[in-house]
Amino acid sequence: MELLAGEDKTETEYKEHGCRFKVDVEKAFFSPRLSTERDRIANLIKDGETVINMFGGVGMFSIIAAKKKKCVVYNIDINPSATKLCEQNIKLNKLVGKVESLTGDAAKIIEGQLSGKGDRVLMLLPEKSDEFLDAAIKAAKKNGIIHYYCHIHSDKKNEVGRIAKEHFLDVMKIKTEVLGSKIVRPVGPRFYQAVVDAKLL
Ligand SMILES: C[S@@+](CC[C@H](N)C(=O)[O-])C[C@H]1O[C@@H](n2cnc3c(N)ncnc32)[C@H](O)[C@@H]1O
């Protein structure tokens with residue numbers, strides 16, 4: 001990272017969907033370009049759900065969801081700087097007891113304490129989704145919903161949703177109903193981040 005202008009600091013406060021976030025662009029992942037997707041996920045959550053956010057970072061998806069719906073969210077991240085900021089963001093948004101920040105490898109934490117607890121599982125680490133799919137299945141309840149993110153290379157934007165769905169069905173080992181699939185955002189020339197929403201059967 002290179003400072004182009006302004007104060008020489010990497011920590012700042014960011015506001016989105018009525019929530020406040022402490023972010024540090026040098027220490028933990030942060031992208032304002034996921035704002036629409038965060039709102040979409042929060043709107044899908046039903047009151048009473050338990051949500052497992054496997055790669056939750058500083059807690060943006062988790063906090064926006066818990067502010068909007070009566071749900072409990074487990075925000076897991078392997079980066080201690082991200083989970084420390086998440087703890088501060090939980091307090092900043094008065095969500096103590098609704099969002100819990102957990103530090104460590106998502107697969108290990110699910111194995112140890114969250115197996116079968118999730119009505120909904122978020123897996124926003126597109127480059128490793130296939131590797132963590134078994135852990136996501138383990139985290140979900142029967143009929144739980146998984147939001148699976150992946151990177152798709154395509155010349156045709158309108159084919160991305162279909163390709164993402166086909167890839168998901170190819171790697172998924174148990175029966176699911178695909179509820180939808182679509183582009184989240186472009187991430188490079190002819191590369192897209194896509195999401196597949198699927199219900200375990
Ligand atoms: C693309 S970021 C998403 C962050 C967050 N969902 C957001 O939108 O702000 C992926 C996150 O996964 C975390 N991560 C990478 N490997 C992990 C693992 N094995 N277990 C838990 N978190 C992991 C990274 O530290 C990073 O914060």
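**Notes on the fold, cores and cysteines**

1. A small detail to start with: Ser181 has Val196, in β9, as its bridge partner. The two strands β8 and β9 pair in the antiparallel sense, over 10 bridges. Please keep in mind throughout that this is a predicted model.

2. Now the sheet as a whole. It is open and has 7 strands, in the order β5-β4-β3-β6-β7-β9-β8, with mixed pairing. At the edges are β5 (99-103) and β8 (176-188), each of which pairs on one side only. From one strand to the next, the twist averages 15°. Counting the secondary structure over the chain gives 6 helices and 9 strands.

3. Two helices are worth a look against this sheet. Helix α3, residues 80-92, lies across β4 and β5 and runs at about 165° to β5. Helix α4 also packs on the sheet, where it touches β3 (50-53), β4 and β5, and its direction makes about 140° with that of β4.

4. Which residues have the most contacts inside the largest nonpolar core? They are Met54 and Met123, in a core of 32 residues. Several elements each supply at least two residues of this core, including β4 (72-77), α4 (106-114), β6 (118-123) and α5 (133-139). Also on that list are β7 (140-153), α6 (160-171) and β9 (191-200). Apart from this core lies another, of 30 residues, with Val73, Cys86, Ile90 and Val195 among them.

5. If you want one residue to centre your view on, try Met54. Setting aside its neighbours within four places in sequence, Met54 is in contact with Ile76, Ala106, Ile110, Val121, Leu122 and Met123, among others. Phe132, Ala135 and Ala136 are also in contact with Met54. As background, nonpolar side chains tend to be buried together in soluble globular proteins.

6. On the cysteines, a search of the whole structure finds 0 disulfides. Why does Cys19 have no bond to the closest cysteine sulfur? That sulfur, in Cys71, is 11 Å from the sulfur of Cys19, which is too far for a bond. Cys19 is buried, with a relative accessible area of 1%, and Cys150 is buried too, at 3%.

7. Finally, the overall dimensions. A compact globule of 201 residues would have a radius of gyration near 17 Å, and the chain agrees with its 17 Å. Along the principal axes, the C-alpha atoms fill a box of roughly 50 × 40 × 30 Å. Buried residues make up 48% of the chain. Of the contacts between residues at least 6 apart in sequence, 62% join residues at least 24 apart.

How values were computed: Residues are numbered from 1 along each chain as its sequence is written. This is a predicted model: local features need pLDDT of at least 70, side-chain atom pairs count only at pLDDT 80 or more; totals for chains, interfaces and linings use all residues. Side-chain values use heavy atoms; hydrogens and water are left out. A nonpolar core is a set of buried Ala, Val, Leu, Ile, Met, Phe, Trp, Tyr and Cys residues joined through side-chain atoms within 4.5 Å. Buried means under 20% relative accessible area, exposed over 50%, partly exposed in between (1.4 Å probe, protein chains only). Helices (H or I, at least four residues) and strands (E, at least two) are DSSP runs, numbered from the N terminus. Contact means heavy atoms within 4.5 Å. Two strands pair if DSSP finds at least two bridges between them. Axes are lines fitted to C-alpha atoms, for helices over the stretch in contact, and angles run from 0 to 180 degrees between N-to-C directions. A disulfide is a pair of cysteine sulfur atoms within 2.5 Å. The radius of gyration is taken over C-alpha atoms; the globule rule is 2.2 Å times the number of residues to the power 0.38.
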